[in-house]
Every structure is written in C-alpha cells, then in structure tokens.
Amino acid sequence: MYAIVGASRMAPTAEQDVMEDVLKRLAESPGFINGTVAWSTNTQFGKFGRSMFLFETRAEAQAGLDRLLGEILNGSPMDLELPEVCEVVAHV
C-alpha cells in the first residue's frame with residue numbers, strides 16, 4: 001500500500017468546495033482506498049492541514065498525485081505543499 005502525503009492550505013471559506021470537489025474527484029482514481037484530511041483549528045490566517053490518501057500500488061499513488069497536481073487542483077482553493085508518494089509500512 002502507498003500513500004500521497006502532504007501539507008495543505010486553503011481559505012477558511014473553501015472547506016465545502018474542497019470536500020465536495022477535490023476529494024471526491026481524487027476518490028474516483030484507480031486504486032484509491034481511502035483518505036484523511038485534518039485541518040488546524042486555528043483559522044486566523046487560513047486553514048492549514050495534513051492529508052494522507054491511500055492507494056493499492058505505488059503506480060496508482062503516483063498517478064493519483066499527478067492527477068491531483070495537474071487536473072484536480074487546477075483552479076482549486078486548496079494548495080498542496082510538499083506532496084510525495086510514500087510506502088505505507090504500518091496500518092491499523
């Protein structure tokens with residue numbers, strides 16, 4: 001199992017758009033298992049968070065990341081910082 005891991009930033013008013021569009025579209029990617037996004041509770045300067053999206057294979061995770069950075073986030077209110085594909089070594 002492999003994961004797309006990254007930090008994210010978005011405007012405080014954009015959460016619904018991100019949840020309904022960006023994450024829904026990523027979930028339609030081949031090999032997608034599940035994903036988690038956690039946002040900071042301090043929204044004074046916007047929302048900051050971390051995300052992890054699990055995929056069955058490394059190739060599917062890389063394709064998901066390429067799609068996320070190219071097609072899905074294009075024009076989105078969410079910025080993904082330091083995204084990378086990581087091997088999952090433990091999962092409960």
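Visitor: How should I read the exposure of Arg25: does this residue count as buried, partly exposed or exposed?
Guide: The classes rest on relative accessible area, with buried meaning under 20%, exposed over 50% and partly exposed in between, for a 1.4 Å probe and protein chains only. Arg25 has a relative accessibility of 23%, and therefore counts as partly exposed. Keep in mind that this is a predicted model, in which local features need pLDDT of at least 70 and side-chain atom pairs count only at pLDDT 80 or more, while totals for chains, interfaces and linings use all residues. Residues are numbered from 1 along each chain as its sequence is written, and side-chain values use heavy atoms, with hydrogens and water left out.

Visitor: With which residue does the side chain of Glu71 meet in a salt bridge at 3.1 Å, N to O?
Guide: Side chains of opposite charge can pair when their charged atoms come close. The criterion for a salt bridge is a side-chain nitrogen of Lys or Arg within 4 Å of a carboxyl oxygen of Asp or Glu. Here the partner of Glu71 is Arg25, with 3.1 Å from N to O. The two belong to distant parts of the chain, Glu71 being in helix 2 and Arg25 in helix 1, 46 residues apart. Helices and strands are DSSP runs numbered from the N terminus, a helix being H or I with at least four residues and a strand being E with at least two.

Visitor: Which other residue forms a salt bridge with Glu71, at 3.4 Å between the closest N and O atoms?
Guide: That residue is Arg67, its closest approach to Glu71 being 3.4 Å between N and O atoms. Both residues lie in helix 2, four residues apart, about one turn of the helix. Arg25, Arg67 and Glu71 are thus members of a network of salt bridges. Arg67 is partly exposed because its relative accessible area is 22%, and Glu71, at 42%, counts as partly exposed too.

Visitor: How many salt bridges does the structure hold?
Guide: There are three salt bridges, and one of them joins the side chains of Arg9 and Glu81, at 3.0 Å from N to O. That pair also links distant parts of the chain, with Arg9 in strand 1 and Glu81 in strand 4 (residues 78-87), 72 residues apart. Arg9 has a relative accessible area of 37%, so it is partly exposed, and Glu81, with 30%, is partly exposed.

Visitor: At what angle do helix 1 and helix 2 pack?
Guide: Axes are lines fitted to C-alpha atoms, for helices over the stretch in contact, and angles run from 0 to 180 degrees between N-to-C directions. Helix 1 (residues 15-27) and helix 2 (residues 58-72) pack at about 145°, and their axes are 10 Å apart. Contact here means heavy atoms within 4.5 Å, and on that basis Val22, Arg25 and Leu26 in helix 1 meet Gly64, Arg67, Leu68, Glu71 and Ile72 in helix 2.

Visitor: In what order do the four strands of the open sheet stand?
Guide: Strands count as paired if DSSP finds at least two bridges between them. The order in this open sheet is 2-3-1-4, with antiparallel pairing. Strand 2 and strand 4 are the edge strands, each pairing on one side only, and the twist from one strand to the next averages 15°. Strand 1 is joined to strand 3 (residues 47-55) by nine bridges and to strand 4 by eight, while strand 2 (residues 32-39) pairs with strand 3 over seven. Single bridges show the register: Ala3 is partnered by Leu54 in strand 3, Phe32 by Phe55 in strand 3, and Arg9 by Asp79 in strand 4.

Visitor: Which strands does helix 2 lie across?
Guide: Helix 2 lies across strand 1, strand 3 and strand 4, and runs at about 170° to strand 4.

Visitor: Is Ser8 buried or exposed?
Guide: Ser8, in strand 1 (residues 2-10), counts as buried because its relative accessibility is 2%. Apart from neighbours within four places in sequence, its contacts are Trp39, Lys47, Phe48, Gly49, Arg50, Met78, Asp79 and Leu80. By contrast, Glu28, in the loop between helix 1 and strand 2, counts as exposed because its relative accessibility is 54%.
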